[in-house]
Amino acid sequence: MKLFETITVGLVLLATASLWSQDEQRPVPSPAATGPVSEVSINEDADRMQTPPPVSGQSYPTSVISGERSNYLRGGLAFTSAYTDNAVGSVNGPPVSDVSYSVAPFVTLDETAPRLHFTLTYAPGFTFYQRESSRNEEDQNASINLQYRLSPHVTFSARDGFQKSSNVFNQPDLASATAVSGSTQAGNFSVIAPIADQLSNSANVGITYQFAANSMVGAGGTFTNLHYPNQATEVPGLFDSSSQGGLAFYSVRVSKINYFGATYQYQRLLSYPGLGNNETQTHALLLFYTLNPTKRFSISVFGGPQYADVGPQFSNTASIPPTPAFRSWNPSAGGSVGWQGRLSSLAISYSHLISSGGGLIGAVKVDSVSASIHQQLSRMLSASVGGGYAQNDVLSATALTGGNGHTVSGTASLQQQIGQHLNLQLGYTRLHEDYSTVAVLAATPDTNREFVSISYQFSRALGR
């Protein structure tokens, strides 16, 4: 709770700062990009360079243009009923099915000022199980996304997301669990313990400086943390993990829609199996290219060498000695596509790189693919499909307990708007995980979940 209280205080302070920023009334373009270098071009959006997705640290938007709004306070209450065939994960027997009922109030502040774009969401929740009442839970979800233009040439951005839950499927938006990022330092949350108490936190900060009409430099940092309060009893074979990373980049716009650049990146990846800390440090020098035909459509690729310095790797069994430290060179590459239309949106990404284990016993070589599609079928009806695949191979001189495997997941849903305030959502989620040496996942590798949710929402314009 101390961690959550700290995050809550920080969110309140940032919200207060956003209100102060309304003192400036001079109309200027969106702060999503840094400013150009001449007074003549300050008010021309076309002259502002975009931060390429490989170094932006942000996920692609999943909404359509027709559904975007800013300067609104939104809130409401969602009631969800779900059936799952894996309500109680077990290492000694078959999974147990159950029906759950969730009540989740939520509030979102989305504010745009002349130099600021600020989004804050808080969504607590309460879940009750029909048969397995011992699994009843209280959830906490909070997120913040901030972009602030410090000057016409300099933009600061920050994002933080926190979740406390015993059910990874309890998200504020049941159809948006698949976040698609083109970043080269996205957190690895592909290893999923569906039913287990866990606290997760993912954050990044960045600053960009457009020092010439077609040149930009920037720097940023990423932070992730995953903690299982009842690791030994609920998720045997999975472990706490954390990561910290930093990058610096240079980007040049060679034409109106073509960006080239280079980035240096550092990561410190940690897993905590109990007998010692498994640490890996990486250094990468990557080249990237982004094609931006429009502000809402981009194609990016990146690639280069990645150097790994792997320390002694401990197991969770005292009788097994730690594996020796080693160093290696590895290729790193990936690509992504993001498109946001008036009635449709699409995001797809692929990456091959070294990342945190996300619950496994050490850092991993991960090949991951993720995709998200949203379609507005009519004025009141929309559909969403999202999913992903990840192959995780633990870095170690020899095989460690809790090693290699893959995850396949997907969610499909329909949303029907009923009048001005009511929304009905129907959906299905499928999860399959193949990690033979992770006890809790080997015993219950599959989860199927059907859900129906009805929510009441209100919105109020700010500053009017």
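In this predicted model, a good place to start is E279, which is partly exposed at a relative accessible area of 25%. Its partner is R268, and the two form a salt bridge in which the closest N and O atoms are 3.1 Å apart. Because E279 belongs to strand β10 (residues 278-294) and R268 to strand β9 (residues 258-272), their contact ties together parts that are 11 residues apart in sequence. R268 likewise counts as partly exposed, with a relative accessibility of 30%.

A further pair joins R430 to D446, again through a salt bridge, here with 3.3 Å between the closest N and O atoms. Distant parts of the chain are linked by this contact: R430 sits in strand β17 (residues 422-434) and D446 in strand β18 (residues 446-461), 16 residues apart. R430 has a relative accessibility of 33% and so counts as partly exposed. D446 is also partly exposed, at 27%.

The next pair takes the reader from strands to a helix and a loop. The side chains of E234 and R135 meet in a salt bridge, with an N to O distance of 3.9 Å. E234 lies in helix α3 (residues 231-234), whereas R135 is found in the loop between β3 (116-129) and β4 (137-151); the pair links distant parts of the chain, 99 residues apart. Both E234 and R135 are buried.

Taken over the whole model, the count comes to 4 salt bridges, among them the contacts E279 with R268, R430 with D446 and E234 with R135.

Methods:
Residues numbered from 1 in each chain as written. Predicted model: local features only at pLDDT ≥ 70, side-chain atom pairs only at ≥ 80, totals over all residues. Heavy atoms only, no water. Helix = DSSP H or I, 4+ residues; strand = E, 2+ residues; numbered from the N terminus. Buried < 20%, exposed > 50% of the residue type's maximum accessible area, 1.4 Å probe, protein only.
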